[in-house]
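Trainee: I would like a close look at a single part of this model, set against the chain that holds it. Please take one strand and follow its pairings, its cover and its place in the interior.

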Amino acid sequence: MTKTTMSIDTSAELMENDILPKIKEVHTDPNVPCPSQAALPKALAEPVQKKSPAQWAYERIIMYIQNFEKQLDNDHEVGMGLTGGNAGVIRIEGLGYYDPDIVTYYGQNEAGAKTQLIQHVSQLNVTLIASPKHIDQPEPKRIGFRLAEALERGEEVTT
């Protein structure tokens, strides 16, 4: 017979657990890394009510970018497909937010032109793309890891 341990949460713990962020993902390939299986930066463990919609979107986008980069080989870095218009794909070089509701992406388009996308959180729609790194660049740039480190330290890193 196995012993079952039961815990009882206080009403304060129940309320706190209800407002903490939750994440769940399922993939057809069980070897695909999921953000839900990794240790989240401390900034993502804070209650949602303490953040603006822009900050909350910014922090989750960082987590998704970092997870996407973990799946890339050394010849690729993260790019972002833009919906609407003819903007195409940009190589992400920075990410930021402006409270209460704006998220912005900095980078270069496929022709090398400096690019910035400014997006309202209600219109958030980003496609992450494996883009070949520049041929003269020895290592791919991993913006997601740099941004996630800043979240862990509680810093603001936007470019």
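Mentor: The protein chain has three helices and five strands, arranged along the sequence as α-α-β-β-β-β-β-α. The model is predicted, and what follows is computed from it. Of the 159 residues in the protein chain, 35% are buried. The exposed surface of the protein chain comes to about 10300 Å², with 53% of it supplied by carbon and sulfur atoms. Among contacts in the protein chain with a separation of 6 or more, 60% are between residues 24 or more positions apart.

The part to look at is strand β2, residues 89-98. Eight of the 10 residues of β2 are buried, and the strand is described as mostly covered.

Start with the pairings. On one side, β2 pairs with β1 in the antiparallel sense, over three bridges. Within that pairing, G81 stands opposite V89 of β2. β2 also pairs with strand β3, residues 102-109, again in the antiparallel sense, and here there are eight bridges. Two positions help to fix the register: I90 has N109 of β3 as its bridge partner, and Y97 stands opposite V103 of β3. Three residues lie between β2 and β3, and the two strands form a hairpin.

The strand order can be followed further from β3. Strand β4, residues 114-120, is joined to β3 by seven bridges, and the two run antiparallel. T104 stands opposite I118 of β4 in this pairing. β3 and β4 form a hairpin too, with four residues between them, and G112 in that turn has a positive phi of about 90°.

Back in β2, consider G94, which is found in this strand. G94 has a relative accessible area of 1%; the cut-off for buried is under 20%, so G94 counts as buried. Across the hairpin, the C-alpha atoms of G94 and Y105 are separated by 5.8 Å, although the two residues are 11 residues apart along the chain.

Y105 leads to the interior. The largest nonpolar core has 20 residues, and Y105 is one of those that touch the most other members, together with Y58, I62, I65, L95 and V103. The elements giving two or more residues to this core are α2 (53-70), β1 (76-81), β2, β3 and α3 (143-153). The largest share, six residues, comes from α2. V103, named above as standing opposite Y97, is thus tied to both topics: a strand pairing and the core.

Helix α2 deserves a last look, given its share of the core. α2 has 18 residues and reaches 26 Å from its first C-alpha to its last, which is close to the 26 Å expected at 1.5 Å a residue. Because 13 of the 18 residues of α2 are buried, the helix is largely enclosed by the rest of the structure.

To put the strand back in its place: β2 pairs with β1 and with β3, is mostly covered, and is among the elements that give two or more residues to the largest nonpolar core.

Key: Residues are numbered from 1 along each chain as its sequence is written. This is a predicted model: local features need pLDDT of at least 70, side-chain atom pairs count only at pLDDT 80 or more; totals for chains, interfaces and linings use all residues. Side-chain values use heavy atoms; hydrogens and water are left out. Two strands pair if DSSP finds at least two bridges between them. A nonpolar core is a set of buried Ala, Val, Leu, Ile, Met, Phe, Trp, Tyr and Cys residues joined through side-chain atoms within 4.5 Å. Buried means under 20% relative accessible area, exposed over 50%, partly exposed in between (1.4 Å probe, protein chains only). Contact means heavy atoms within 4.5 Å. Accessible areas come from the Shrake-Rupley method with a 1.4 Å probe; for residues, only the protein chains shown count as cover. The expected span of a helix is 1.5 Å times one less than its number of residues.
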